[in-house]
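Welcome to a short set of exercises on reading a protein model. Keep the sequence and the 3D view open, try each task yourself, and then follow the solution step by step.

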Amino acid sequence: MACRARRGRPVDCGGVRLVVAQCQVDYAGRLTAHLPMATRVLMIKADGSVLVHSDGGSYKPLNWMSPPCTLREGTTDDGQVEWVVTSTASGKGPADTLRILLAEVLHDSSHELGVDPGLQKDGVEKHLQELLADHPTTLAEGLTLVRREFPTAIGPVDLMCRDGNGLSIAVEIKRRGEIDGVEQLTRYLDLLNRDAILTTKGPVRGIFAAQAIKPQARVLAEDRGITCAVVDYDALRGLDDPTERLF
């Protein structure tokens, strides 16, 4: 059942639109996927993305289309409402298409969410960054702070420091050190090592700091030449003196 393009019209997505509907979803592009008729939540975000959610299984959508894409609403030959989401074609191949056939709409609402302030760091993690910025030698002898939240094209590094030999040291701080954190620091280091100013004394090195670091994360970090540093939060805050412990 093809959508009648001549009757198609852009779907309003000025804010976030939530639609609960009996629907069938078909994706065609680099592969094909089919979701048979069932009740689902359709989300149209202001940035143009379209997501299809079910009531279980995962927080991730069953299918989605990321911007830039075009969403148009029309009707099939038998009069049913159909949304056609088309991505912008790239040099990698033809445009992807997501067809959503709506048999019955149970709910349809739009909401203006306003400007999002962005992800705020965990309170402990943020405080760790502040404390380590004040006491960088906790991480390594001779370390001095250059800047907090040192910018890169993919986000800021928590701390940019310099060691006693003048080498640049990028520090990523987590409350719990896991593989994702190591991967994040690896991406930062890849970008930072392209900067001729930062690498005048040698390549930028990395320190992965956390209150606890999982064994798998430590193995990955050390394999990539990243130093791991376990941080004692209470000692940094002056609430615990390690020299007075029995064990």
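**Exercise 1.** Where is glycine 48 found?

Step 1. Know your material: this is a predicted model, in which local features need pLDDT of at least 70 and side-chain atom pairs count only at pLDDT 80 or more, while totals for chains, interfaces and linings use all residues. Residues are numbered from 1 along each chain as its sequence is written, and side-chain values use heavy atoms, with hydrogens and water left out.

Step 2. Look for glycine 48 in the loop between β3 (32–44) and β4 (50–53). Helices (H or I, at least four residues) and strands (E, at least two) are DSSP runs, numbered from the N terminus.

Step 3. Check its surroundings. Glycine 48 counts as buried because its relative accessibility is 15%; buried means under 20% relative accessible area, exposed over 50%, and partly exposed in between (1.4 Å probe, protein chains only).

Step 4. Pick a partner further along the chain: methionine 65 is 17 residues away in sequence, and the two C-alpha atoms are separated by 8.6 Å.

**Exercise 2.** How many helices and strands does the protein have?

Step 1. Count the elements: there are four helices and 13 strands.

Step 2. Add the overall picture. Of the 247 residues in the protein, 38% are buried.

Step 3. Now consider contacts, meaning heavy atoms within 4.5 Å. Among contacts with a separation of 6 or more, 52% join residues 24 or more positions apart.

**Exercise 3.** Is glutamate 73 buried or exposed, and what about glutamate 149?

Step 1. Place glutamate 73 in strand β6 (residues 69–75). With 14% relative accessibility, glutamate 73 counts as buried.

Step 2. Measure across the model from glutamate 73 to isoleucine 100: they are 27 residues apart in sequence and 9.5 Å apart in space, C-alpha to C-alpha.

Step 3. Turn to glutamate 149 in strand β9 (residues 144–150). Its relative accessible area is 29%, so glutamate 149 is partly exposed.

Step 4. Look at the backbone too. Most residues other than glycine have a negative phi. Glutamate 149 has a positive value, near 50 degrees.

**Exercise 4.** Which residues is threonine 97 in contact with, leaving aside neighbours within four places in sequence?

Step 1. Find threonine 97 in strand β8 (residues 97–111).

Step 2. List the partners: Asp26, Tyr27, Ala28, Met65, Val84, Val85 and Thr86.

Step 3. Try a distance as well. Threonine 97 and leucine 71 lie 26 residues apart along the chain, with 9.8 Å between their C-alpha atoms.

**Exercise 5.** At what angle do the axes of helix α2 and helix α3 cross?

Step 1. Recall that two packed helices are described by the angle between their axes and the distance between the axes. Axes are lines fitted to C-alpha atoms, for helices over the stretch in contact, and angles run from 0 to 180 degrees between N-to-C directions.

Step 2. Apply this to α2 (residues 179–192) and α3 (residues 215–223): the axes come within 8 Å and cross at roughly 20 degrees. Therefore α2 is roughly parallel to α3 (under 35 degrees is roughly parallel, over 145 roughly antiparallel, 65 to 115 roughly perpendicular and the rest oblique).

Step 3. See who meets whom: Ile179, Val182 and Glu183 in α2 touch Gln216, Ala217, Leu220 and Ala221 in α3.

Step 4. Look at glycine 181, also in α2. Glycine 181 counts as buried at 5% relative accessibility, and beyond four places in sequence it is in contact with Glu172, Lys174 and Phe208.

**Exercise 6.** Which residues have the most contacts inside the largest nonpolar core?

Step 1. Use the definition: a nonpolar core is a set of buried Ala, Val, Leu, Ile, Met, Phe, Trp, Tyr and Cys residues joined through side-chain atoms within 4.5 Å.

Step 2. In the largest core, which has 19 residues, the answer is Ala170, Val182, Leu192 and Ile226. The largest share of this core, five residues, comes from α2.

Step 3. Finish with the other core that lies apart from it: that one has 18 residues, among them Ala21, Val52, Ile100 and Leu102.
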